[in-house]
2 protein chains.
Amino acid sequence: MSKHNIRLKDIAKELGLSVPSVSRALNNKPDISESTKKKVFELAEKLHYQRNEFAVNFKNQQSFIIGVIIPQIVHHFFSNVINGIITEAEKAGYGIMLYQSNESYQSELRGVQTFQRSMIDGLIISLSDSTTNVDHLRSLQNHNVPVVMIDKVSNALETAKIICDDFKGAFEATEHLVQIGKTKIAHITGSLEPHTTKERYRGYKAALKQHNLELKDQFIKKCNLVSQDDGFNATLELMKQHDKPNAIFCATDPAAIGAIKALKKLNIKIPEDVAVMGFSDWNMSSVIDPPLSSVIQPDQEMGKKAVQLIINEIELSKQNKPVQYKTHVMETSLILRESTLGNKNE
Amino acid sequence: MSKHNIRLKDIAKELGLSVPSVSRALNNKPDISESTKKKVFELAEKLHYQRNEFAVNFKNQQSFIIGVIIPQIVHHFFSNVINGIITEAEKAGYGIMLYQSNESYQSELRGVQTFQRSMIDGLIISLSDSTTNVDHLRSLQNHNVPVVMIDKVSNALETAKIICDDFKGAFEATEHLVQIGKTKIAHITGSLEPHTTKERYRGYKAALKQHNLELKDQFIKKCNLVSQDDGFNATLELMKQHDKPNAIFCATDPAAIGAIKALKKLNIKIPEDVAVMGFSDWNMSSVIDPPLSSVIQPDQEMGKKAVQLIINEIELSKQNKPVQYKTHVMETSLILRESTLGNKNE
DNA sequence: GTGAAAGCGCTAACAC
DNA sequence: GTGTTAGCGCTTTCAC
């Protein structure tokens with residue numbers, strides 16, 4: 001109910017001290033006597049003194065806030081990235097401001113502007129699919145706000161980048177399909193705009209080549225969002241063809257789930273007739289019947305790494321030291337379930 | 001690369017004006033001539049002037065940041081709530097700081113402290129299951145930071161509250177099971193600690209009573225987390241009994257998915273032998289086979305409403321006007337799928 | 001319409 | 001060890 005928050009001045013007046021002395025005491029500075037320190041602490045406690053962080057932030061020109069822009073929160077991969085970011089940031093005493101671009105460049109731009117207003121110390125961003133211009137990020141950098149890109153990155157800007165090895169993940173996924181005896185492997189992919197989808201496509205092609213399998217145009221289905229509906233429709237088309245695949249590697253889990261639904265509708269056995277492989281391991285993937293094999297991305301670890309990098313840059317920037325930008329590639333791993341292995345209990 | 005951000009002083013010096021005049025011009029104050037206003041705007045533009053928000057926030061003692069604490073981001077309901085919060089906050093020019101408690105009171109406490117450091121203008125919180133003491137929130141209120149509670153609320157604190165009508169949702173869900181001809185309806189519930197679970201249990205009981213169905217102890221399964229595993233095990237136990245239910249209403253969707261998996265393992269037909277109903281409509285619920293009937297909560301709307309309420313309180317608080325705390329109850333609705341309706345195509 | 005002066009709360013630099 | 005002075009960048013009040 002204390003309408004008026006108490007200030008150092010109030011404590012100083014009550015104890016007959018000067019304001020700086022009270023400040024020194026509360027900040028545990030060396031040049032202050034133990035006795036006054038004790039007095040100050042006790043009174044501060046009693047009055048429920050709370051530092052006015054507006055003043056401190058203003059003085060230091062630092063907010064201890066990291067901005068985070070991602071395309072969609074309601075997305076298994078990104079919620080986990082955010083999870084990792086928050087966990088790691090808290091350890092270092094930083095807070096997280098969150099914004100979602102909804103895959104819109106305009107929205108991403110507004111996010112950056114909102115953040116500038118809040119004077120974030122650094123930005124972690126996963127670009128929207130529609131972002132081609134990165135001037136908004138360059139502007140942040142010019143104002144000494146470090147930027148770290150994660151997952152969906154751009155080469156148009158020099159920053160630290162964190163990606164996972166989409167190429168290798170896709171390669172291994174495709175190779176797994178070969179190893180279970182599949183030779184006619186289709187791929188459902190996206191618009192190839194984001195770097196990630198393109199890399200998965202590259203990995204798929206490389207694995208086919210490695211195992212001397214022909215790359216057939218009619219086995220490649222490009223769709224827009226790589227959503228469940230896209231996967232469903234693409235699979236129906238694939239199975240309508242004369243030359244049918246006996247395995248489908250999908251660039252996303254939702255598409256793979258659509259594929260499974262389509263195959264079930266057509267009464268095609270999974271994985272005996274057609275095996276299905278996804279990418280990203282959404283939590284719904286273990287729920288579908290049959291459970292979906294997929295490629296696990298180190299989502300939380302990517303978030304944590306991003307925080308470590310950005311805090312490092314913030315520190316260096318404060319000291320006017322130069323920063324070296326690296327691209328960090330994180331390893332994926334396969335999670336194998338019944339959509340490729342079959343049910344061993346039956 | 002302008003190491004040194006430019007200030008009003010710089011513009012003033014260059015134009016031979018005083019600092020306050022430049023300030024007036026940039027803020028479109030009335031008592032400034034059009035000609036100087038124009039000159040100032042042009043130079044500001046040219047120099048890429050950006051207001052130092054640290055100074056402004058300090059002066060106004062306002063951050064335009066709303067803190068949000070929720071138990072878990074990686075949770076369909078909460079990601080959607082956050083989605084609504086961010087969307088609505090952006091409209092009003094507010095940013096969102098996010099923290100997750102992981103259902104831990106200690107963690108929730110740290111979140112509040114982190115937020116105090118960042119001088120949030122208001123807090124939207126969904127309490128952790130383990131929170132019984134609300135002094136940390138009361139402390140915020142005492143420092144003039146409005147608090148709005150959402151979904152998981154406490155009566156120990158006077159604030160605006162947003163909940164959805166869990167009682168009615170559960171009532172209607174249970175009634176739907178009656179309407180499809182089920183008379184022996186089991187309920188899988190939680191520790192009854194959070195208000196929400198308790199209300200769902202109440203709704204279940206009320207619907208049974210309304211339809212003159214007996215409430216049997218052996219049809220009530222209490223579990224800890226109401227997770228998929230919990231639902232799976234509880235269902236196995238239910239179906240092991242002599243007196244078996246022919247419908248199961250689960251307090252959460254994950255539990256319902258566990259229930260479906262258990263029933264399928266036992267080769268029990270859904271919904272002919274046992275119908276299954278969930279609560280919350282997770283995105284995986286439409287993916288499972290058979291697709292799960294559930295209760296839809298207006299998650300995004302709840303988030304938006306929370307932002308409207310908190311901003312209103314922030315405004316009133318600035319003007320030292322009193323706030324009236326209300327509890328807003330939002331309506332749920334049923335989404336009916338094959339786990340209760342059966343497959344009409346077969 | 002414009003400038004001079006003051007102050008938001010805190011801390012660093014300088015005296016003594 | 002402690003007090004005095006000054007300043008972070010901006011806006012508001014009061015002169016003229």
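# Two chains and two DNA strands

Author: Let us start with one contact. D289(A) forms a salt bridge with K264(B), and their closest N and O atoms are 3.5 Å apart. This is a predicted model.

Reader: How do I judge that a pair like this counts as a salt bridge?

Author: Check the distance. A side-chain nitrogen of Lys or Arg must lie within 4 Å of a carboxyl oxygen of Asp or Glu. At 3.5 Å, D289(A) and K264(B) pass.

Reader: How many salt bridges are there between chain B and chain A?

Author: The count is four. Polar contacts add to the picture. Across the interface of chain B and chain A, 18 residue pairs are in polar contact, both partners at pLDDT 80 or more.

Reader: Which elements of chain B give two or more residues to the side that touches chain A?

Author: They are α4 (53-60), α5 (76-91), β2 (95-100), α6 (105-117), α7 (135-142) and α11 (253-265) of chain B. Of these, α5(B) gives the most, with seven residues.

Reader: What is the make-up of that side of chain B?

Author: Its residues divide into 20 nonpolar, 27 polar and nine charged.

Reader: How many residues are in contact between chain B and chain A?

Author: On chain B there are 56, in contact with 56 of chain A. Area is another way to read an interface. About 5200 Å² is buried between chain B and chain A, and carbon and sulfur atoms give 55% of that. In chain B, the residues that lose the most area to chain A are F54(B), R117(B) and V287(B). Together they make up 15% of what that side buries.

Reader: In which sense do β2 of chain A and β2(B) pair?

Author: Look for bridges between strands, then for direction. Here β2 (residues 95-100) of chain A pairs with β2(B) in the antiparallel sense, over two bridges. One residue helps you find the place. M97(A) has M97(B) as its bridge partner in β2(B).

Reader: Now the DNA. Which residues are closest to DNA strand D?

Author: Take the neighbours, then ask which part of the DNA they meet. Strand D is surrounded by 27 residues, the closest being S21(A), R24(A), L8(B), S23(B) and Y49(B). Of the atoms of strand D within 4 Å of the protein, 62% belong to sugar or phosphate, and the rest to bases.

Reader: Where does R24(A) meet DNA strand D?

Author: At a base. An N or O atom in the side chain of R24(A) is 2.7 Å from a base nitrogen of strand D. Compare two phosphate cases. The side chain of Y49(B) has an N or O atom 2.5 Å from a phosphate oxygen of strand D. For the side chain of N27(B), that distance to a phosphate oxygen is 3.2 Å.

Reader: Which helices supply at least two residues each to the surface near DNA strand D?

Author: Both chains take part. The helices are α2 (19-26) and α4 (53-60) of chain A, with α2 (19-26) and α4 of chain B. The surface residues divide into eleven nonpolar, eight polar and eight charged.

Reader: Which residues come nearest to DNA strand C?

Author: Of the 27 residues around strand C, they are L8(A), S23(A), Y49(A), S21(B) and R24(B). Sugar and phosphate account for 62% of the strand C atoms that come within 4 Å of the protein.

Reader: What does Y49(A) approach on DNA strand C?

Author: A phosphate oxygen, 2.4 Å from an N or O atom in the side chain of Y49(A). L8(A) uses its backbone: an N or O atom there lies 2.8 Å from a phosphate oxygen of strand C. From chain B, a polar side-chain atom of T36(B) lies 3.0 Å from a phosphate oxygen of strand C.

Reader: Back to salt bridges. How many are there over all chains?

Author: The whole structure has 34. One of them joins R337(A) to D281(A), with the closest N and O atoms 3.1 Å apart. R337(A) lies in the loop between β12 (333-335) and α13 (338-341) of chain A, and D281(A) in the loop between β9 (275-277) and β10 (294-296), so the pair ties together parts 56 residues apart in sequence.

Reader: Which backbone angles deserve a second look?

Author: Start from the usual case. Most residues other than glycine have a negative phi, and most peptide bonds are trans. Now the exceptions. The peptide bond from D289(A) to P290(A) is cis, with omega near -5°. P290(A) sits in the loop between β9 and β10 of chain A. In chain B, the bond from D289(B) to P290(B) is cis, also with omega near -5°.

Reader: Where is V226(A)?

Author: In the loop between β7 (220-222) and α10 (228-240) of chain A. V226(A) is not a glycine, yet its phi is positive, about 55°.

Definitions and conventions: Residues are numbered from 1 along each chain as its sequence is written. Chains are lettered from A and ligands numbered from 1 in the order in which they are written. This is a predicted model: local features need pLDDT of at least 70, side-chain atom pairs count only at pLDDT 80 or more; totals for chains, interfaces and linings use all residues. Side-chain values use heavy atoms; hydrogens and water are left out. Contact means heavy atoms within 4.5 Å. Buried area is the accessible area (1.4 Å probe) that two parts lose on being put together, summed over both. A polar contact is a pair of N or O atoms within 3.5 Å; within protein, one must be able to donate a hydrogen and the other to accept it, and residues adjacent in sequence count only if both atoms are side-chain atoms. Helices (H or I, at least four residues) and strands (E, at least two) are DSSP runs, numbered from the N terminus. Ala, Val, Leu, Ile, Met, Phe, Trp, Tyr, Cys and Pro count as nonpolar, Asp, Glu, Lys and Arg as charged, and the others, Gly among them, as polar. Two strands pair if DSSP finds at least two bridges between them. A residue is near a molecule or strand if one of its heavy atoms lies within 4 Å of it.
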